[in-house]
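User: Could you take a close look at one part of this model for me? I'd like to begin with a charged pair and follow the packing from there.

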Amino acid sequence: MSVQVENLEEKNKVKLTIEVSAEEFGDAMLEAYKKQKKDISLPGFRKGKVPMNMIEKMYEPGVFYEEAANILIPQAYRSAAQESGEDIVSRPDIEVTQIEKGKPFIFTAEVAVKPEVTLGRYIGVEVTEIDTQVTDEDVMNEIDRERENNARIINVEGRAIENGDTAVIDYEGFSDGVAFDGGKAENHSLEIGSGSFIPGFEDQLIGRNVGDEVEVNVTFPESYHAPELAGKDAVFQVKIHEIKTKELPELDDEFAQDVSEFDAVDEYMASVREKIQERKAAEAKQTQQEEALEKIVADSQMDIPSEMLDMQCENMINQYAQQMAQQGLSLDQYLKIAGITLEELGDQVRPEAEFRIRQDLVLEAIAKAEGIEIADEDVDAEIERMAVLYQMEADQLKSYVTDDERENMKLDLASRAALERVGEGMKPRAKAEEDDTAAESADAEE
């Protein structure tokens, strides 16, 4: 097999001319015959037993051309794409230019290739300074969440339902006087104020007591998932069986020992403060890196092929479909609920798809400019880290990773390293200073 590469007039597009030897084409013809002979019969021969040369005499050799081409093209294209050295970012547009028994099989593949990037300034990018100071309120909020997680649920006696209580209720809903599907339950635990029921439902239980029978009037949201109820008024007949509330543990040494490795509450609180500080610093760094990257992307130049953008949109939609499938919803069902077509969904994701491509290309360009190289040992270390997350043996996970996936991991690791390099050179400045600068620019324009 041989391949020739020709740059096309359209920017970032090339044509691969791929030639497969006559011998290989002959082998593909024989394979096509073996696949099709079971369906071919001629007078004097049993079905499936007609010799290849007899079929060619009857129908001409071209009877096997299409199947032979289908057999040859996928593998020949993959090999040619790799041999060409081009960074292909689209599906090929295939055209057969020579197909004849006894001659080489020749076809062309027009493809889009990854565009060159002219980087803007990427070291010393100014970003907004972020306050990472940890307040006493931050610490207490974190500890209160831990106390909530360790709270006991106790029965309430002698008072009515309050916000934050859990009411154990029976209920049945009616619309236009008719009970509807999914509108009935018994001994259901409902946390008041959680917003888990139809708006207004929970509020109407506040102030009610055990044993009360309550008529709750609500209106379903216009966006309600059941179209037959969306926007309609409904009445729920509710009976209250129990009222429960949370009893939070005391913030003392015993609590610290229960939820941490510390014996004293002061040590526990200090550790909470330290963890919040680490989290705030990490979040600030990520936010600043994203801001810096957005500025670098805006300051860099590249011509993105439409085919590359189309593929990114398709990949994003496929990811959405997988996420929805995990929630028991098909893509078609989602489109019906959202009231949009697949084409309209593609239009919606297109701006984000383009920005993702620009980000990826910029990070790859920075990695190249900085001479960042990822060794096989780095990939192995990443796989070992992933194995811990997936609770798998590292060697087992490595056996699942293909060569192409390892190369993609190298690109991803190089992009991460490039983003770290950008982060190291960032120049944070106060938000007030940034606002003043923006105001001065606006005044100058006026």
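Analyst: **From a charged pair into the core**

Let's start with Glu384, which is partly exposed at a relative accessible area of 39%. (Under 20% is buried, over 50% is exposed and partly exposed is in between, using a 1.4 Å probe on protein chains only.) Before going on, keep in mind that this is a predicted model: local features need pLDDT of at least 70, side-chain atom pairs count only at pLDDT 80 or more, and totals for chains, interfaces and linings use all residues. Residues are numbered from 1 along each chain as its sequence is written, and side-chain values use heavy atoms, with hydrogens and water left out.

The partner of Glu384 is Lys398, with N to O at 3.5 Å in a salt bridge (that is, a side-chain nitrogen of Lys or Arg within 4 Å of a carboxyl oxygen of Asp or Glu). This pair links distant parts of the chain, since Glu384 belongs to helix 10 and Lys398, 14 residues apart from it, to helix 11 (residues 394-400). (Helices are DSSP runs of H or I with at least four residues, strands are runs of E with at least two, and both are numbered from the N terminus.) Lys398 is partly exposed too, at 25%. Elsewhere, Glu382, Arg385, Asp412 and Arg416 are tied into one network by salt bridges that share partners. The whole structure holds 30 salt bridges.

Now compare a pair that stays within one helix. Glu354 and Arg358 come to 3.0 Å between their closest N and O atoms, forming a salt bridge. They sit 4 residues apart in helix 9, about one turn. With 30% relative accessibility, Glu354 is partly exposed.

Arg147 and Asp144 give another such case, with a salt bridge of 3.3 Å, N to O. They are 3 residues apart in helix 4 (residues 136-149), so about one helical turn separates them. Asp144 is partly exposed at 28%, while Arg147 counts as buried at 16%. What touches Arg147 there? One of the residues in contact with it is Phe255, which also reaches Ile143, Glu146, Asn150, Pro249, Glu250 and Tyr268, leaving out residues up to four places away in sequence (contact means heavy atoms within 4.5 Å). Phe255 is part of helix 5 (residues 253-259) and is buried, at 3%. Its C-alpha lies 9.3 Å from that of Asn150, although the two are 105 residues apart along the chain.

Back to helix 9, because there's plenty going on there. The largest nonpolar core has 42 residues, and Ile296, Val362 and Ile366 make the most contacts inside it. (A nonpolar core is a set of buried Ala, Val, Leu, Ile, Met, Phe, Trp, Tyr and Cys residues joined through side-chain atoms within 4.5 Å.) At least two residues of this core come from each of helix 6 (265-298), helix 7 (306-326), helix 9 (342-369), helix 10 (376-390) and helix 12 (403-424). Helix 9 gives the most, 10 residues. Zooming in, Ile366 touches Leu119, Tyr122, Ile296, Ala418 and Val422, again not counting residues up to four places away in sequence. A separate core of 30 residues lies apart from this one, with Val20, Tyr65, Leu72 and Tyr77 among them.

Val422 is worth a stop. It's in helix 12 and buried, at just 1%. Setting aside neighbours within four places in sequence, Val422 contacts Tyr122, Ala292, Ile296 and Ile366. Val422 and Gln288 are 134 residues apart in sequence, yet their C-alpha atoms are 9.9 Å apart in space.

Last, the largest pocket. Its lining has 44 residues, with Asp87, Lys114, Glu364, Asn408 and Leu411 nearest its centre. (On a 1 Å grid over the protein atoms alone, a pocket is an open set of points where a 1.4 Å probe fits, with protein on both sides within 12 Å along at least five of seven lines; lining residues have an atom within 4 Å of a point.) Helix 3 (65-84), helix 6, helix 7, helix 9 and helix 12 each give two or more residues to that lining. Helix 9 again gives the most, 11 residues. By class, the lining has 20 nonpolar, 9 polar and 15 charged residues.

Note on methods. Nonpolar A, V, L, I, M, F, W, Y, C, P; charged D, E, K, R; others polar.
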